Amino acid sequence: MNAPLPLTPDAQSVPAGPAPPPPLLQVRDLSVTFPARHAGPAVRAADGVSFDIGRGETLGLVGESGSGKTTTGRAILQLQQVSAGSVRLMGRELVGMRPAELRAMRRHMQFVLQNPYSSLNPRMTVAQILAEPLRVHQTVPARAVVERVAELMTLVGMDPAVVRRYPHEFSGGQRQRIVIARALAVNPAFVVCDEPVSALDVRTQARIVDLLQSLQQRLGLSYLFIAHDLAIVRHVAHRVAVMFGGCIVEMGRADEVYGQPSHPYTRVLLDAVPIPDPARQREKLAQAPAELDFHALRASAGPCVFGEDHARNGTAAWHALSPTHGVSCRFCPPPA
């Protein structure tokens, strides 16, 4: 079982006092399996994923392409069918929820997509795009829709006078601001940001990240920030979860994961970050392993890459490095 890590130290390590508030989002043993195609094996894109996100917190979800990050985000929002596990938002179970109830819950959880060029309807004006969720969820009276649209444009740093324009009349950064405004239209508590700046230039990336952080502080938002750019995640996330092969292999506070990366895969990811010095970059690439071989790691470290017997019967377990930082033994082969 891919056990979650606590948001705070355990009760024995902190003074007695009022119980901490429950997390906004609780994900337990979430799995998504895609059926076999063309006689190939079934693909388990997410496998036993567990974590919590508190109110006003950002959890960064990082990993290489195909590691299961986007599938996890879509499964949490019930945009992808869940094979097993539990997703609780604001104390309510989303998996198996009736369609009418799920539609009502969608106002509390929104999605900021990766590509601002394809996520906006080119046949709708900005005013129509922002008014659509307001009318669907009926969050404001019809007479107040125009005012709310103008308020949303101001909120994301844009001039309300341009709402009659179409998406193709804006730059990439402006389009992403409109996407963010649409996500915030219904006052959500939780937002999945799926590679929200990867399609933008570096300067625009910084501005959008600053906007997301400013909105979080102003509105108390919680984010699941999915990205492959480790530098951006380090800047925006309070905690970081590293995914490999559909599983979370390391999770902890951002300073712990970046300052003391403990899982071999996490170290490989951090080693892959380019250094702005050609000579040092060539030296680092020459020293980096071609690929991560868990079997070779086990042969040199015993029954577990961390030197502990956590992998019996092929099940995963956590090696706790601190109350808020741990690594998984999911890929350690079981003892012979």
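In the predicted model, strands E11 and E12 form a hairpin with two residues between them. E11 covers residues 318-322 and E12 covers residues 325-328. Their pairing is antiparallel and runs over four bridges. Within this hairpin, His319 of the one strand stands opposite Val327 in E12.

The hairpin belongs to a protein with eleven helices and twelve strands. The chain holds 336 residues, and buried residues make up 47% of them. Contacts were also sorted by sequence separation. Of those with a separation of 6 or more, 67% link residues 24 or more positions apart. The exposed area of the protein is about 17,000 Å². Carbon and sulfur atoms supply 52% of that area.

An open sheet of four strands was also found, with the order E2-E1-E4-E5 and antiparallel pairing. Its edge strands are E2 and E5 (92-93), each of which pairs on one side only. Strand E1 (residues 25-34) is joined to strand E2 (residues 43-53) by seven bridges, and the two run antiparallel. Two bridge partners place the register. Thr33 has Arg44 in E2 as its partner, and Val32 is bridged to Ala46 in E2. E1 also pairs with strand E4 (residues 84-89), again in the antiparallel sense, over five bridges. In that pairing, Val27 stands opposite Val87 in E4.

Three residues illustrate local environments. Gly54 sits in the loop between E2 and E3. Its relative accessible area is 10%, under the 20% limit, so Gly54 counts as buried. Leu221 lies 167 residues from Gly54 in sequence, yet the two C-alpha atoms are 9.6 Å apart in space.

Ser65 also occupies a loop, this one between strand E3 (58-62) and helix H1 (69-76). Its relative accessibility is 73%, over the 50% limit, so Ser65 counts as exposed. The C-alpha atom of Ser65 is separated by 7.7 Å from that of His228, which is 163 residues away along the chain.

Arg148 is placed in a helix, H4 (residues 145-155). Arg148 is buried because its relative accessible area, 10%, falls under the 20% limit. Its neighbours within four places in sequence were left aside when contacts were listed. The remaining contacts of Arg148 are Leu134, Val140, Leu184, Ala185 and Asn187.

Empty space was examined next. Rolling a probe the size of a water molecule over the atoms shows where such space is left. The largest pocket has a volume of about 410 Å³. Its lining comprises 14 residues. Leu79, Arg106, Met109, Gln110 and Phe111 lie nearest the centre of this pocket. Strand E6 (109-112), helix H3 (126-137) and helix H5 (172-184) each supply at least two lining residues. H3 gives the largest share, five residues. By class, the lining of the largest pocket divides into nine nonpolar, two polar and three charged residues.

What is the count of cavities of 30 Å³ or more? The count comes to one. About 50 Å³ of space lies in the largest cavity. The elements that give two or more residues to its lining are strand E9 (239-244), helix H8 (254-259) and helix H9 (264-271). H9 provides the largest share, three residues. The lining of the largest cavity consists of Val62, Leu230, Val240, Val242, Val257, Tyr258, Thr266, Leu269 and Leu270. Eight of these residues are nonpolar, one is polar and no charged residue is present. The lining of the largest pocket, by contrast, includes three charged residues.

Methods: Residues numbered from 1 in each chain as written. Predicted model: local features only at pLDDT ≥ 70, side-chain atom pairs only at ≥ 80, totals over all residues. Heavy atoms only, no water. Buried < 20%, exposed > 50% of the residue type's maximum accessible area, 1.4 Å probe, protein only. Contact = heavy atoms within 4.5 Å. Pairing = 2+ DSSP bridges. 1 Å grid on protein atoms, 1.4 Å probe; cavity = no way out; pocket = protein on both sides within 12 Å on 5 of 7 lines; lining within 4 Å. Points joined across faces, edges and corners; volume = space filled by probe spheres on them. Nonpolar A, V, L, I, M, F, W, Y, C, P; charged D, E, K, R; others polar. Areas by Shrake-Rupley, 256 points an atom, 1.4 Å probe, with all protein chains shown as cover.
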